[in-house]
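Visitor: Please take me through one part of this model in close detail. Then link it to a few other places worth a look.

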Amino acid sequence: MKVDYGALREENRLEYGRAIGRIGKRLLEDRYDKRTHFIYEVIQNAEDALRRRSGWSGSRTITFSLTSTELTISHFGSPFDHNDVKGICGIDESTKGVNSIGRFGIGFKSVYAFTWKPEVYSGSEAFSIVDYVLPYALPARDRAADETVIVLPLKSEEPSAFKEIAEGLLSLGGEALLFLKQVEQIAWSIEGEGSGSYRRLSSASGFMREVALETTRGIETDRADYLLFSRDVEHNGAVVGQAELAFNLVLEEGERLIRPMPDARLVVFFPTVLPTYTGFLVQGPYQTTPSRDNIPADEPWNVKLASLTADLVVDALCHLRDTGLLNVAALRTLPIERSKFDGLFAPLYERTAEAFRNQKLLPTSSGRFASAGELRLARSQDVRDLLGPRHLGALLGVDGNVYWTGPEITVDRAPQIRSYLNQDLKISELSLEQVLGRMTDEFLAEQSDTWMIKLYRLLEAQPALLRSSRIQQMALFRLEDGTHVPLMRHGMRQVFLPIGEKTGFPTLRASLVNAQTRRFLALANLTEPDPVDDVIHNLLPSYKQIKVATGNYAEDIARMVRAFQTDSQTQREKLVAALRSANIVMVRDAADNAGYISVPGNVYLATARLLGLFADVPGVFLVDNAYDCLRGEPVREMLEAAGAVRVLRTVSATADLSEAVRQDVRKAAGWEGASSEQPIADLDIAGLDGLLKLLPTLSPDQRSLRSRLLWEALSELIDRRPNVLSVTYNWTYMAARSAQVDAKFVRRLKSTPWIPDATGQLLRPNEVLFEELDWPSHPLLESRVVFKAPAIAMLAREVGLDARFLDELKRRGLTSVEQLNQLLGPADDLDQKTEVGKDEYEERGGKN
């Protein structure tokens, strides 16, 4: 039944007074920041009209047609009835229920910013509204059946009206449809600008649905996709709307991602000015201010809705996680800035943080989700790569896995999220140094060789960290037996690089040495074991025991020889010093061929000369040539350096010079007196005493051979060490005095018969004419041993005496006729013989 517009006019004049036309502009028309806000009001009215038209299967489009003189709006919502006419002509006389979003009474009055007399054609109604509340009948308008048409003749005195409305329509955007349930499309046409539309395409329904918004202008269409989450809102047992969230969904490189929406504002079906400080849209049937662009924060209904919305955020997070959309991009949209959530929307921050602490909602680097207590921040990607969840849990002493946050959460790439996790959720950050500080020997021992290589490569990039005392104390190095040691302990190196040969040193497991780790090992100062140190510390101690084990003797000698061949003079000297005190030489006693092991300083090398010289001489040790490892020049060179000799070996001896001899020495030096004397550091030759004692027991041929060998050996010794012929005698007489005397072995050679004559009798050197021996000449040695002077032999020949007769007289100490007469007795015819001798002498031309 058509409304009686006249009666309604009179009723409204009485209700609102005659001044409404004058004060309406201030009270109704100018309450919005933007005059084009009326567009939203009209869309809201169309949404409510379509909702009331149950079972409608026709068009769900609202159309705006703008010309220079008017704006025409049409939709196919429920046609106006008496109450609708009364509501649109009244002030706060809405006919909408609690689940409606528009207000016919006030909201529609915003159209008066651009028109004096809006016209409505709907159902059987056709009227205009003057002065906000006064309806006047209009002739019917040609329109489609079931179509509602609203015409806004533009104020002629508002030259900017066309431009403002055009801009409002163009900037409306598809988001105007996002939270609507009934209107599916907004179509527009602008005189001189063309036409376009905003369209909503929805899939699924219920708690989560995907919504696509298409914006078309001319032939170009843009699309934006959203995920909408909703929960019914009840009031007094009835559903009065939905609390909703909308996340912008984008496709990047084939992957669906949640993209933060900048400057997201609270939506009460349409945008308000209230920021939510999230990266998604929050919508609900909040109580708004009269201007519809804000809400009272302390309104109990709004507080209730904010709490419900916070729960919805948590539910949405669970769904995003389960659909693979909860990643760092999604985290950027969440309420995580504590300072911005101290009012109405504080529950959004609080419930989100609580959910992260108690539920597995935070993405991890391993692709799983974890609660805040199961997460740690890593300062670098390398740390994440090194420690998986099992490793990290074990390292932290936690039962179960502990995860790293994703690699995108860094100070540079996601500072806000990182700060939220660290400061708000108390997820601690672990640096490489902190991680290493927690690694125990037991933890390291449980890891694979592959894992250890990853650790070494990580440390390679941290040379400064390698130099820290904490790292140097860590048992980072795995030995072949699997134990872990630091590089140094108590000043001693604990690990070396393997060299492919057996050593006594602990070496790094060979599988950990490759092209990937060599730079780290070099930076860590890990070196191959020094052969010298190996021998000194690992080999020689066993050769200094009372009982020496020789099961690996040949191998041990080879290690010693390799060590001796070092290029380092310092190391070689250190080795030689150690070898001197070790029983390393297998020897044979020259007398009984018994085998022993000896220090090198007691040993003669088994040269042909020395073997022949000392055969059967007791107490002389010769290298046992039965051992192949003791043959060859390299090992002989080592043994010589350690004290073994291939020439006669001098040894310290006790001086046996009598007081008379020492007095003669002092007298010859010009200082016969002595207030004190120092012991003489005398020298003898090892084995010489035994050899001289053996000579008389040998056959003449052997005597001749041995004495010649001794001479040759002495010559070689003096060639090498001429200074051994003498030792120094020191005494004090008013000052320090000294003189050179023959060494003990020289004195022994002078006083002992050891040179055989032609019959094999052993003679002292001063009884032998050297020229008759057929020995190689050695002037220095000859002068010190003191052979018979050639002049004596010549004199003996001249007087017709056997030179040996003179030697015998000298040996017996007969140096005068009186001594001879005492030994032989006086001769009776001595005078006669003497006279005859005189005559004969004179006859031969002799002279007195």
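Guide: Met 734 sits in the loop between β32 (726–732) and β33 (736–742). This is a predicted model. Met 734 has a relative accessible area of 66%. That is over 50%, so Met 734 counts as exposed. Met 734 joins Trp 671 and Tyr 733 in a nonpolar surface patch. The patch covers about 330 Å².

Now a loop residue that is buried. Asp 624 lies in the loop between β28 (621–623) and α22 (633–641). Its relative accessibility is 7%. The cut-off for buried is under 20%, so Asp 624 falls in that class. Beyond its neighbours within four places in sequence, Asp 624 contacts Met 586, Val 587, Arg 588 and Leu 630.

Next, a helix pair. Two packed helices are described by the angle between their axes and the distance between the axes. Helix α6 (residues 300–322) packs against helix α8 (residues 346–358) at about 35°. Their axes are 8 Å apart. The crossing of α6 past α8 is right-handed. On the α6 side, the contacting residues include Ala 306, Ala 310, Val 313, Val 314 and Leu 317. Polar residues of α6 take part too, among them Ser 307, Thr 309 and Asp 311. They meet α8 at Pro 347, Leu 348, Arg 351, Thr 352, Ala 355 and Phe 356.

Last, helix α10 (residues 389–396). Its buried residues are His 391, Leu 392, Gly 393, Leu 395 and Leu 396. Gly 397 comes just after α10 and takes a positive phi of about 70°.

Notes: Residues numbered from 1 in each chain as written. Predicted model: local features only at pLDDT ≥ 70, side-chain atom pairs only at ≥ 80, totals over all residues. Heavy atoms only, no water. Patch = residues over 30% accessible without salt bridge, like charges linked within 9 Å, V, L, I, M, F, W, Y side chains within 5 Å. Areas by Shrake-Rupley, 256 points an atom, 1.4 Å probe, with all protein chains shown as cover. Salt bridge = Lys/Arg side-chain N within 4 Å of Asp/Glu carboxyl O. Helix = DSSP H or I, 4+ residues; strand = E, 2+ residues; numbered from the N terminus. Buried < 20%, exposed > 50% of the residue type's maximum accessible area, 1.4 Å probe, protein only. Axes fitted to C-alpha atoms, helices over the stretch in contact; angles between N-to-C directions. Left-handed = near helix turned anticlockwise from the far one by under 90°. Contact = heavy atoms within 4.5 Å.
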